[in-house]
Amino acid sequence: MALEMDPLLHALSYFRRRKFQLCSDLCSQVLEKEPGDQVMRDRCPTNASWCLKMRALTEMVYVDEIEVDQEGIAEMLLDENAIAQVARPGTSLKIPGTGHGAGPSKAIRPVTQTGRPLTGFVRPSTQAGRPGSIEQALKTPRTAHTARPMTSASGRYVRLGTASMLTNPDGPFINVSQLNLNNYAQKPKLAKALFEYIFHHESDVKNALDLAAYATQHVQFKDWWWKVQIGKCYYRLGLYREAETQFKSALRQQDMVDTVLYLAKVYSRLDQPLTALNVFKQGLERFPGEVSLLCGMARIHEEMNNISTAAECYKDVLKQDNTHVEAIACIASNHFYSDQPEIALRFYRRLLQMGIYNSQLFNNLGLCCFYAQQYDMILSSFERALSLAESEEQAADVWYNLGHVAVGIGDRNLAHQCFKLTLANNNDHAESYNNLAVLEMQKGHIEQARVFLQTASSIAPHMYEPHFNFAVLSEKVGDLQRSYIEAQKSKEIFPEHVDSQQLINQLKQHFARL
């Protein structure tokens with residue numbers, strides 16, 4: 001007769017192999033066979049199967065709170081934690097152009113709506129712009145790459161909260177509202193598992209905070225782990241100063257890298273990047289060479305337009321971990337926009353050797369090959385990028401770059417077709433509207449060019465090119481007043497743009513002669 005493995009050990013084996021759904025199903029079967037061990041409403045459970053199922057359900061929806069930072073439109077526009085309305089240069093993340101270092105020119109490196117250069121690596125809350133008004137926020141194209149929820153509570157957290165209904169057709173596994181949290185807090189191991197279940201799976205921050213408060217009182221405020229969890233709850237609720245107090249108290253009891261990252265995250269949300277950098281530096285004194293701390297410093301420098309300092313931090317990251325994808329991608333992007341495509345090509349090839357195989361990488365390889373004059377690899381790289389494109393936005397970016405290649409070799413008809421294909425895949429691609437307008441201007445189609453430029457400026461108010469091109473077009477057709485207005489808009493967006501300054505001076509001289 002074959003021996004059967006104990007169901008609980010079998011479920012534990014599934015859990016260790018990260019087969020959480022199988023683990024949860026097996027635990028459910030064990031709980032159904034032993035109804036006497038089910039969770040009672042007024043008593044703390046002692047059943048290992050119940051605890052293991054709770055851990056498995058938590059791991060199925062677990063998201064690292066350090067990396068994922070989703071800020072809603074309401075939090076950005078209704079922020080009551082402002083330190084100063086007019087921040088000093090180099091002290092704010094919210095106001096563009098306040099970095100100490102000389103950031104790259106907008107004429108060379110594209111920028112986001114915030115006025116910061118595009119990074120070489122897509123991170124949470126870096127692609128979508130920070131709108132200045134609710135009208136601009138609502139007009140923002142809500143695609144998979146740029147959408148933000150109205151509030152963080154209407155975004156990822158609510159979707160995670162519905163996971164409890166999916167795990168059990170009859171309803172949630174645990175009815176949190178009817179639990180006596182004070183009793184659970186007296187059993188430390190069970191309390192920690194229950195907290196993570198409530199916080200991550202149910203997304204019930206209030207009850208999670210109550211449980212953490214009871215538990216930290218039970219251990220006489222001597223457990224740093226509970227203080228970190230209370231800080232996470234405060235952060236989720238928008239109580240950043242209270243979260244800062246908890247994280248600092250936890251650090252005094254126990255030095256942990258995660259706690260340093262949480263504290264720096266609080267200061268970043270409070271728009272205090274210099275304080276966040278000091279926190280990272282103090283953390284590096286206790287944890288020398290820690291990659292996550294170095295990477296956090298690089299991200300803040302990058303957001304503050306200190307691109308050269310950020311590149312140095314990313315190089316320090318690579319000294320500790322030479323396979324760090326974000327560091328390699330950001331250094332490659334920096335070399336590309338610094339007119340060093342050959343060096344950028346080496347870094348992107350390194351990513352390819354590491355096994356990264358996606359549309360964005362081949363897109364960047366094609367551009368580097370073109371500007372490095374390695375023409376034999378251009379079309380094959382872009383063909384591979386098109387075949388690997390997982391969304392219309394990715395395909396649009398590939399066609400847009402192919403249009404640039406066509407402009408570079410002088411084939412205007414091919415460029416026109418590529419930009420049209422870009423708009424067919426992504427109708428909100430402002431750069432393609434701008435470039436199509438330039439091609440139409442060269443063909444003498446003034447009205448068509450004007451329509452394209454107006455569309456580009458309305459879709460991307462942070463771009464200076466549509467306004468400058470519209471100014472040049474209006475000046476050619478004799479509409480000097482419109483040309484002056486558009487040139488002024490271009491200068492407001494990009495004050496260092498020499499061509500806009502020269503056009504304004506020419507128009508002023510012409511107006512003076514009238």
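Buried means under 20% relative accessible area, exposed means over 50%, and partly exposed lies in between. The exercises below apply this scale, among others, to a predicted model.

**Exercise 1. Classify Phe 511 as buried, exposed or partly exposed, and describe its aromatic pair with Tyr 484.**

Step 1. The relative accessibility of Phe 511 is 28%, so this residue counts as partly exposed.

Step 2. The ring centres of Tyr 484 and Phe 511 lie 5.8 Å apart, and their planes stand at 70°. Planes over 60 degrees apart count as edge-to-face, so this pair is edge-to-face.

Step 3. Tyr 484 belongs to helix H26 (residues 480–493), whereas Phe 511 belongs to helix H27 (residues 498–513). The pair therefore ties together parts that are 27 residues apart in sequence.

**Exercise 2. Determine how the rings of Tyr 357 and Phe 362 are arranged, and state which accessibility class each residue falls into.**

Step 1. The structure holds 16 aromatic pairs. One of them joins Tyr 357 and Phe 362, with 5.2 Å from centre to centre and 85° between the planes, an edge-to-face arrangement.

Step 2. Tyr 357 has 48% relative accessibility and counts as partly exposed. Phe 362, with a relative accessible area of 7%, is buried.

Step 3. Aromatic residues can also form a cluster: Phe 336, Tyr 337, Phe 370, Tyr 371 and Tyr 375 form one. In another arrangement, the charged end of Arg 236 sits over the ring of Phe 199, 4.4 Å from the ring centre.

**Exercise 3. Examine the salt bridges Asp 210–Lys 206 and Glu 244–Lys 248, and locate each within its helix.**

Step 1. Side chains of opposite charge can pair when their charged atoms come close. The cut-off for a salt bridge is a nitrogen within 4 Å of a carboxyl oxygen, and the count by this rule comes to eleven salt bridges.

Step 2. In the bridge between Asp 210 and Lys 206, the closest N and O atoms are 3.6 Å apart. Both residues lie in helix H10 (residues 205–218), four residues apart, which is about one turn of the helix. Asp 210 is partly exposed at 28% relative accessibility, while Lys 206 is exposed at 57%.

Step 3. Glu 244 and Lys 248 meet in a salt bridge of 3.0 Å, N to O. Helix H12 (residues 240–253) contains both, again four residues apart, or about one turn of the helix. Glu 244 is buried, with a relative accessible area of 10%, and Lys 248 is partly exposed at 35%.

**Exercise 4. State which helices the salt bridge between Arg 299 and Glu 326 links, and which residues form a salt-bridge network.**

Step 1. The side chains of Arg 299 and Glu 326 meet at 2.8 Å, N to O. Arg 299 lies in helix H15 (residues 291–303) and Glu 326 in helix H17 (residues 325–337); the pair links distant parts of the chain, 27 residues apart.

Step 2. Arg 299 is partly exposed at 21% relative accessibility, whereas Glu 326 is buried, with a relative accessible area of 4%.

Step 3. Arg 241, Glu 244 and Lys 248 are joined into one network by salt bridges that share partners.

**Exercise 5. Describe the confidence of the model along the chain.**

Step 1. The chain has an average pLDDT of 82, and 77% of the residues score at least 70.

Step 2. Over residues 138–151 the pLDDT stays under 50, and the model has 36 contacts beyond four places in sequence for this stretch. Residues 153–167 also have a pLDDT below 50, with 29 contacts beyond near neighbours in sequence.

Terms used:
Residues are numbered from 1 along each chain as its sequence is written. This is a predicted model: local features need pLDDT of at least 70, side-chain atom pairs count only at pLDDT 80 or more; totals for chains, interfaces and linings use all residues. Side-chain values use heavy atoms; hydrogens and water are left out. Rings of Phe, Tyr and Trp (its six-membered ring) pair if their centres lie within 6.5 Å; planes under 30 degrees apart count as stacked, over 60 as edge-to-face and the rest as tilted. Buried means under 20% relative accessible area, exposed over 50%, partly exposed in between (1.4 Å probe, protein chains only). Helices (H or I, at least four residues) and strands (E, at least two) are DSSP runs, numbered from the N terminus. A charge sits over a ring if NZ of Lys or CZ of Arg is within 6 Å of the ring centre and within 35 degrees of the ring normal. pLDDT is the predictor's confidence in each residue, from 0 to 100. Contact means heavy atoms within 4.5 Å.
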